[in-house]
Amino acid sequence: MDLQLKDKVVIVTGGAKGIGEAIVRLLAKEGATPVIVGRNEADNQRLADDIIAEGGKVFQLVAELTNPSASEEAIKIVLEKYGRIDGLVNNAGVNDGVGLESGNYESFLESLHKNVIHYYLMAHHALPALKKSKGAIVNIGSKVADTGQGGTSAYAASNGGRNALTREWAVELLPYGIRVNSVIVAECYTPLYQTWINSIPNSEEKLASIKAKIPFGNRMTTAEEIANATVFLLSEASSHTTGQLVYVDGGYVHLDRSISPL
Ligand SMILES: NC(=O)c1ccc[n+]([C@@H]2O[C@H](COP(=O)([O-])OP(=O)(O)OC[C@H]3O[C@@H](n4cnc5c(N)ncnc54)[C@H](O)[C@@H]3O)[C@@H](O)[C@H]2O)c1
């Protein structure tokens with residue numbers, strides 16, 4: 001299948017590690033020019049060097065996306081360098097455990113800045129360029145919007161927001177031929193996931209019990225599996241797919257976990 005991504009400029013927020021890294025690597029493999037937007041220059045550059053050493057194209061820029069002006073600045077830098085944007089993957093975020101009981105106004109608002117406000121700002125500032133290119137947007141989301149998790153109100157609200165924005169933008173951007181979709185993640189082993197699991201008492205046992213409940217294969221989803229779906233949704237191969245929430249989760253959210261094979 002020809003994904004027609006050659007030389008397309010695609011921004012990936014949080015593109016230096018985890019799910020974002022896998023998306024950046026696959027885009028480069030497909031001949032696109034991924035733009036890593038991340039807060040840590042050394043992380044960004046490490047991945048960029050790797051891709052260049054493998055013969056791929058890539059660009060990286062440092063941005064702390066909890067800072068509301070960082071999104072506009074990032075888009076400006078990309079447009080100065082390439083003059084075009086063909087795709088946007090909103091991915092940076094963190095499950096930061098701001099609970100109903102444990103949280104407060106400040107921590108709730110801070111978490112929205114970590115997880116959903118920059119999704120809006122990146123899309124808002126990229127829109128004029130996406131209109132010109134008839135580009136595509138993919139928002140990475142979490143099962144927490146559907147299932148809840150307990151103790152993480154702001155992350156749940158952010159993910160509900162990510163899903164709603166996917167539908168809302170898909171409608172608003174119909175006249176411009178811009179498609180907007182989400183890839184929903186349940187359990188994917190990344191640096192973020194590792195930090196979270198290590199924060200739990202008896203983390204080894206907890207990890208084994210989580211895997212046992214994932215219907216398809218009783219295993220975690222890989223970042224590469226998330227990247228495959230994301231890159232497909234960015235590409236012309238999905239030219240009539242818009243407004244969709246695609247669950248790449250081994251059946252975690254929609255299948256009956258009590259009849260899991262293990
Ligand atoms: N890993 C999972 O199981 C899982 C499950 C559901 C949803 N998700 C979603 O996937 C996305 C990526 O998660 P991951 O597990 O790959 O995370 P990760 O922490 O492993 O990688 C995220 C990268 O984004 C960067 N980043 C985070 N916030 C940033 C900010 N404000 N500004 C700039 N850079 C920032 C980090 O420095 C890091 O390089 C998140 O939005 C998360 O909600 C992940």
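In this predicted model, the shell around the ligand breaks down into 13 nonpolar, nine polar and five charged residues. That makes for 27 residues around the ligand, and those that come nearest are Ile19, Asn91, Tyr155, Cys188 and Thr190.

Three of these names turn up again once polar atoms are looked at. For Ile19, it's the backbone that does the job: one of its N or O atoms lies 2.9 Å from a ligand oxygen. Asn91 likewise offers a backbone N or O atom, here at 2.6 Å from an oxygen atom of the ligand. With Tyr155 the side chain takes over, as a polar atom of that side chain lies 2.6 Å from an oxygen of the ligand. As for overall cover, the ligand on its own has 820 Å² of accessible area, and the protein covers 93% of it.

So much for single residues; next comes the setting. The ligand takes up the space of the largest pocket. Helix H1 (18-29), strand S5 (136-142), helix H6 (153-172) and helix H7 (191-198) are the elements that each give two or more residues to the shell around the ligand. At the domain level, the shell is a shared affair: domain 1 (9-186 + 223-245) and domain 2 (189-220) each supply at least three of its residues.

Conventions:
Residues numbered from 1 in each chain as written. Predicted model: local features only at pLDDT ≥ 70, side-chain atom pairs only at ≥ 80, totals over all residues. Heavy atoms only, no water. Near = heavy atom within 4 Å. Polar contact = N/O pair within 3.5 Å; in protein donor to acceptor, adjacent residues only side chain to side chain. Areas by Shrake-Rupley, 256 points an atom, 1.4 Å probe, with all protein chains shown as cover. 1 Å grid on protein atoms, 1.4 Å probe; cavity = no way out; pocket = protein on both sides within 12 Å on 5 of 7 lines; lining within 4 Å. Sits in = over half its atoms within 2 Å of the grid points. Helix = DSSP H or I, 4+ residues; strand = E, 2+ residues; numbered from the N terminus. Nonpolar A, V, L, I, M, F, W, Y, C, P; charged D, E, K, R; others polar. Domains from an automatic or database assignment.
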